[in-house]
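This report looks at a pocket, a nonpolar core and one phenylalanine. Please keep the model open while reading.

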Amino acid sequence: MKATSLENIKMRMKKYSNIFIVLIFLWITVCFYLQNRAVPFFADDYKWIGHWQLKHDGFWQDISQVVQTQWDFCHLENGRLFCHAMVQVLVSWGENVFDIANTFVFVFTVMAMVFMSFSTNNKKTIMPWIIVVFFLRYLIAEETTLLYWACGSMNYLLPTGMTAMVVLLLKKYENKQVAIHWHYTLLFIFSLLAGWEHEIIVLPVAFALFIYMCINYKRLNYIIYRDLLVNYKKKENPLNH
C-alpha cells in the first residue's frame, strides 16, 4: 500500500510539474511576442524593405525573385543565403506576420537547445528552460532588441536553433533514437540550411563536428559523413565571409 501511495504521489508530482513547465513556457512565449510587437523593423530591415521587397505577383514569381535577389546579394555582401531569404520574405509580409513568425522561431530555438543540451530527466524540470531563455536573451542579444527585428533574428536566433537541431539529430542518430530512413533526410536538410547561415555561429560548430567525425569515424557510416561534410563545406564557403 505504501509503495502504491508513493507511486501515485510521484505520478501526480510529475503531472503537475509538466503542467507548470508548459504554463511558464507559454508565459515566456507571450512575453516574447508582446516585446516583438513593441519593436518595429530596424536598421538593416529597411534596406530589404526599400530595395528588395517582394512584389507579390504570385507564389512562383516571388520564389524566383528571392532566388535572384540572394544570388546577387551573396556577391555584393555575404553568403548568408537562408538568413537573408527569410528576411526578404518576412519584411515583405509586414510586421504583424513577422512578429508571429519570429515567435515561432523563438519557440523552435528554445526547444531545440533544451532537447540538445539536457538529459530526459532534466528536461522535465523548469531550470533548463529558464537557462536557455536567459542564454538567448542576455548572452546572445546582450540586453538589446537584436532578437526582435528581422535581420537580427534571422542572423542570430534562427541559426542558433538550426545548428542546435543539427547537433540534436546527430545525437539521436548516435543513440539510435530515430527511424533511420527519414533521419538522414532531416539531417541533410538542416545541415545544408545551417551552412547557409551566420558564420560566427556555424564555423565553430563545423570545426567541432569535423573533430567529432575524426574521433568517432568508426561509429559513423558514409551517409552521416556526407551530410555533415556538406554542412562543413557550406560553412567554409568564402561567400560567407
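Is Phe108 buried, partly exposed or exposed? The model is predicted. In it, Phe108 has a relative accessible area of 25%. Buried needs under 20% and exposed needs over 50%, so Phe108 counts as partly exposed.

Phe108 sits in helix H5. Setting aside neighbours within four places in sequence, its contacts are Gly161, Met162, Met165 and Phe190. The C-alpha atoms of Phe108 and Ala164 are 10.0 Å apart, with the two positions 56 residues apart along the chain.

Next comes the core. The largest nonpolar core holds 48 residues. Trp48, Val87, Phe106, Val110, Leu136 and Leu157 have the most contacts inside it. Helices that each supply at least two residues of this core include H1, H4 (81–93), H5 (95–117) and H7. H8 (150–174), H9 (180–194) and H10 (199–215) do so as well. H8 gives the most, 12 residues. In soluble globular proteins, nonpolar side chains tend to be buried together.

Val110 touches Phe25, Trp129, Val132, Val133 and Leu136, leaving aside neighbours within four places in sequence.

Now the pocket. The largest one has a volume of about 260 Å³. It is lined by 14 residues, and Ile28, Gln35, Val133, Arg137 and Tyr148 are the closest to its centre. Helices H1 (2–38) and H7 (127–140) each supply at least two lining residues. H7 provides the largest share, six residues.

The lining of the largest pocket splits by class as follows.

| Class | Lining residues |
|---|---|
| Nonpolar | 12 residues |
| Polar | one residue |
| Charged | one residue |

Terms used:
Residues are numbered from 1 along each chain as its sequence is written. This is a predicted model: local features need pLDDT of at least 70, side-chain atom pairs count only at pLDDT 80 or more; totals for chains, interfaces and linings use all residues. Side-chain values use heavy atoms; hydrogens and water are left out. On a 1 Å grid over the protein atoms alone, a cavity is a set of points where a 1.4 Å probe fits but cannot get out, and a pocket is an open set with protein on both sides within 12 Å along at least five of seven lines; lining residues have an atom within 4 Å of a point. Grid points are joined across faces, edges and corners, and a volume is the space filled by probe spheres set on the points. Helices (H or I, at least four residues) and strands (E, at least two) are DSSP runs, numbered from the N terminus. Ala, Val, Leu, Ile, Met, Phe, Trp, Tyr, Cys and Pro count as nonpolar, Asp, Glu, Lys and Arg as charged, and the others, Gly among them, as polar. A nonpolar core is a set of buried Ala, Val, Leu, Ile, Met, Phe, Trp, Tyr and Cys residues joined through side-chain atoms within 4.5 Å. Buried means under 20% relative accessible area, exposed over 50%, partly exposed in between (1.4 Å probe, protein chains only). Contact means heavy atoms within 4.5 Å.
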